[in-house]
Structure formats: C-alpha cells, structure tokens
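Open your viewer, load the model and keep the selection tool at hand. We will walk from one stop to the next, choosing residues and looking at what surrounds them.

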Amino acid sequence: MENINSGDELLKILEALSNPYRLKIIAVLHQERQYVSQLARELGISRPLLYLHLRKLEEAQLIKGQHEIAEDGKAMKFYEISPFCIKLDEHLISTVADSLTIKKRKE
C-alpha cells in the first residue's frame with residue numbers, strides 16, 4: 001500500500017484495523033507468513049471466523065493470500081503482510097474528507 005487516495009479507502013483501512021482479532025492477525029503475520037489452519041490454531045478461533053477477518057484485511061490491502069500446493073499434494077492458502085505505513089494525521093483526513101461517501105439513513 002503506497003498512498004491513501006480517498007476517504008472511503010481510509011475508512012476501509014480503519015474499519016479493518018478496528019477489531020482485536022485483526023490486529024492479532026497482523027501481529028502474527030508480521031513474524032512470518034502462515035497458512036489458514038496454522039493461524040486459526042494460534043489465535044484459537046474457527047477457520048470460518050478467521051476467513052471473515054482475513055477477508056476484511058485483504059480488502060483493505062493490509063495482507064495478501066496465495067494458494068500453494070504442499071509436497072503431499074494438499075492445497076494450502078498462505079497469508080502474509082502487505083507492507084504498509086499509515087501516517088494518520090489532520091492533513092491526511094482533511095485531504096481525503098471531500099471524497100467520503102456518506103450513506104443516508106433509511107427512515
């Protein structure tokens with residue numbers, strides 16, 4: 001991830017980082033890439049729940065996943081960090097604020 005170019009992109013990143021499991025996933029993947037089952041065991045959560053969190057992080061481009069075939073022929077999906085550095089300050093917010101999509105409430 002290079003630059004945040006829109007308010008919606010900033011919100012997607014902040015929403016992805018707003019969950020403690022997702023922060024733990026980033027911390028684990030910062031140490032080494034891991035496959036889904038290994039990551040689920042380390043975090044103590046189910047694979048379906050883990051996939052939900054991984055999808056959010058992937059959509060925000062904070063991690064990336066790729067399928068690989070193990071020596072025994074088993075398909076495995078590995079995840080790793082997509083290097084990022086987010087300088088969150090008043091300048092970034094004022095730069096992207098005009099591009100935010102405001103969802104109207106249903107009445």
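How many aromatic pairs does the count come to? The count comes to one aromatic pair. Before you look for it, please keep in mind that this is a predicted model.

**Stop 1: the two rings**

Select Tyr35 and Phe78. Their rings form an edge-to-face pair, with 5.7 Å from centre to centre and 70° between the planes. Tyr35 belongs to strand β1 and Phe78 to strand β3, so the pair ties together parts that are 43 residues apart in sequence. Now colour by accessibility if your viewer can do that. Phe78 is buried, its relative accessible area being 15%, whereas Tyr35 counts as partly exposed at 23% relative accessibility.

**Stop 2: a buried lysine**

Stay with strand β3, which covers residues 75–81, and select Lys77. Which side chain of opposite charge is nearest to Lys77? It is Glu58, 4.4 Å away. Lys77 is buried yet has no salt bridge. A salt bridge needs the nitrogen and the carboxyl oxygen within 4 Å, so the 4.4 Å between Lys77 and Glu58 does not qualify.

Next, add Tyr79 to the selection. The side chains of Lys77 and Tyr79 make a polar contact of 3.4 Å. Then show the neighbours of Lys77: leaving out residues up to four places away in sequence, Lys77 touches Gln34, Tyr35, Val36, Glu58, Gly65, Gln66 and His67. You have already met Tyr35 in the aromatic pair.

**Stop 3: Val36**

From that list, pick Val36, which is found in helix α3. Is Val36 buried or exposed? Val36 is buried, with a relative accessible area of 4%. Try a distance label here: the C-alpha atoms of Val36 and Tyr79 are 7.4 Å apart in space, while the two residues are 43 apart in sequence. Setting aside residues up to four places away in sequence, Val36 touches Arg47, Leu50, Tyr51, Leu54, Lys77 and Tyr79.

**Stop 4: the nonpolar core**

Two of those contacts of Val36, Leu50 and Leu54, lead us inward. The largest nonpolar core has 23 residues, and Ile25, Leu39, Leu50 and Leu54 touch the most other members. Colour the elements that give two or more residues to this core: α1 (7–16), α2, α3 (36–43), α4, β3 and α5 (90–96).

Now centre the view on Leu39. Not counting residues up to four places away in sequence, Leu39 touches Ile25, Val28, Leu29, Gln34, Leu50 and Leu54.

Turn next to α1, where you can select Gly7, Leu10, Ile13 and Ala16, which are buried. What covers the buried residues of α1? The cover includes α2, α4 and α5.

**Stop 5: the salt bridges**

How many salt bridges does the structure hold? There are three salt bridges in the structure.

- Select Arg33 and Glu68, whose side chains meet in a salt bridge of 2.7 Å, N to O. This pair links distant parts of the chain, 35 residues apart: Arg33 is in the loop between α2 (20–31) and β1 (34–35), and Glu68 is in strand β2 (residues 63–69). Arg33 is partly exposed, at 34% relative accessible area, and Glu68 is partly exposed too, at 25%.
- Select Arg55 and Glu59, which form a salt bridge with 3.5 Å between the closest N and O atoms. Both lie in helix α4 (residues 47–59), four residues apart, or about one turn of the helix. An α-helix has 3.6 residues a turn, so residues three or four places apart point the same way. Glu59 is partly exposed at 40% relative accessibility, as is Arg55, with a relative accessible area of 42%.
- Select Lys87 and Asp89, where the closest N and O atoms of the salt bridge are 3.7 Å apart. Lys87 counts as exposed, at 64% relative accessibility.

**Last stop: Ser82**

Finish in the loop between β3 and α5, where you will find Ser82. Ser82 counts as buried, at 11% relative accessibility. Show its surroundings: Ser82 touches Gln61, Leu62, Ile63 and Lys64, not counting residues up to four places away in sequence.

How values were computed: Residues numbered from 1 in each chain as written. Predicted model: local features only at pLDDT ≥ 70, side-chain atom pairs only at ≥ 80, totals over all residues. Heavy atoms only, no water. Buried < 20%, exposed > 50% of the residue type's maximum accessible area, 1.4 Å probe, protein only. Lys, Arg positive; Asp, Glu negative; His and termini not counted. Polar contact = N/O pair within 3.5 Å; in protein donor to acceptor, adjacent residues only side chain to side chain. Contact = heavy atoms within 4.5 Å. Core = buried A, V, L, I, M, F, W, Y, C linked by side-chain atoms within 4.5 Å. Phe/Tyr/Trp six-rings, centres within 6.5 Å; stacked < 30°, edge-to-face > 60°.
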